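Student: Could you walk me through this one before I go back to the bench? I'd like to start with the strands and then jump around a bit.

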Amino acid sequence: MKIELVVVPRIDNITEVKLIGRLDVLAVKEIDVRFHGETAARERHAIVDLSRLEFITSLGIGMLFGCAKSLRRRGHTMVLVGSAGFVDAALRTVGVEQAIPFAKTTEEALRLVGDSRS
């Protein structure tokens, strides 16, 4: 399965995207620019749903770190939602949760983003 990036329409000032499939080396090359454009370039809080992401490489983790860092410099937060299985293990093994908040649900992510606005 290829990678798919879905932008979820929202009426608030929060970006929500879903990554579906496998975020391997070729997939990162395919979506890196668009992912940055849909998250960091918008300069607002971002929720990234990983619940349907089956695989992630170090380049994929680097892509997430890069966007989160860019958002943080501008006072915004990225929250990762629904990581499970291999993806969750890979992210936690390298300590991603120390730099990017994790949430189990979109509702929890919205609360985390709301807390960061205070």
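Student: How do β1 and β2 pair, parallel or antiparallel, and over how many bridges?
Tutor: In this model, which is predicted rather than determined by experiment, β1 and β2 run antiparallel to one another and are paired over five bridges. The connection from β1 to β2 is a hairpin of six residues, and within the pairing V6 is found opposite K18 of β2.

Student: And what sits on the other side, I mean, how do β2 and β3 run?
Tutor: β2 and β3 run parallel, and eight bridges join them. One pair to look for on the display is E16 with I47, the latter being the bridge partner in β3.

Student: What's the strand order in the whole sheet?
Tutor: The sheet is open and has five strands, in the order β1-β2-β3-β4-β5, with mixed pairing. At the edges are β1 and β5, the latter covering residues 102–103, and each of these two pairs on one side only.

Student: How does β5 attach to β4?
Tutor: β4 and β5 are parallel and pair over two bridges, and in that pairing L80 has F102 of β5 as its bridge partner.

Student: Back to β2 for a second: how many of its residues are buried?
Tutor: Seven of its nine residues are buried, so β2 is largely enclosed by the rest of the structure.

Student: Which handedness does the unit of β2, α1 and β3 have?
Tutor: The three elements β2, α1 and β3 make up a β-α-β unit that is right-handed.

Student: Okay, the helix then. How far does α1 reach from its first C-alpha to its last?
Tutor: Helix α1 takes in residues 25–38, which is 14 residues, and its first and last C-alpha atoms are 20 Å apart, close to the 20 Å expected at 1.5 Å a residue. There is nevertheless a kink of about 50 degrees in α1, and the residue at its centre is I31.

Student: Which residues of α1 are buried, and what covers them?
Tutor: The buried residues of α1 are A27, V28, I31, F35 and E38, so I31 is both on that list and at the centre of the kink. As a general point, an α-helix has 3.6 residues a turn, so residues three or four places apart point the same way. The cover over the buried residues of α1 includes β1 (4–8), β2 (15–23), β3 (46–56), α2 (58–73) and β4 (78–81).

Student: E38 is a charged residue on that buried list; which residue does E38 meet in a salt bridge?
Tutor: E38 meets R42, with the two side chains 2.6 Å apart from N to O. E38 counts as buried because its relative accessibility is 15%, whereas R42, at a relative accessible area of 34%, is partly exposed.

Student: Which residues are joined into a network by shared salt-bridge partners?
Tutor: R10, D12 and E16 are joined into one network by salt bridges that share partners. R10 forms a salt bridge with D12 at 2.8 Å, N to O, and R10 also forms one with E16 at 2.8 Å, N to O.

Student: Are those three residues buried or exposed?
Tutor: They do not fall into a single class, because D12 is partly exposed at 30% relative accessibility, R10 is partly exposed with a relative accessible area of 27%, and E16 is buried with a relative accessible area of 5%. E16 is also the residue that has I47 as its bridge partner in β3.

Student: How many salt bridges does the count come to?
Tutor: The count comes to seven salt bridges.

Student: New topic: what is unusual about the phi of E43, and where does E43 lie?
Tutor: E43 has a positive phi of about 50 degrees although the residue is not a glycine, and its place is the loop between α1 and β3. With a relative accessible area of 43%, E43 is partly exposed.

Student: Last one, where is G66 found, and how far is G66 from I3 in space?
Tutor: G66 is found in helix α2, where its relative accessible area of 33% makes it partly exposed. From C-alpha to C-alpha, G66 and I3 are 19 Å apart in space, and they are 63 residues apart in sequence.

How values were computed. Residues numbered from 1 in each chain as written. Predicted model: local features only at pLDDT ≥ 70, side-chain atom pairs only at ≥ 80, totals over all residues. Heavy atoms only, no water. Salt bridge = Lys/Arg side-chain N within 4 Å of Asp/Glu carboxyl O. Buried < 20%, exposed > 50% of the residue type's maximum accessible area, 1.4 Å probe, protein only. Helix = DSSP H or I, 4+ residues; strand = E, 2+ residues; numbered from the N terminus. Expected span 1.5 Å × (residues − 1). Bend = angle between axes of the 7 residues up to and from the residue. Contact = heavy atoms within 4.5 Å. Pairing = 2+ DSSP bridges. Right-handed = clockwise from strand over helix to strand, strands pointing away.
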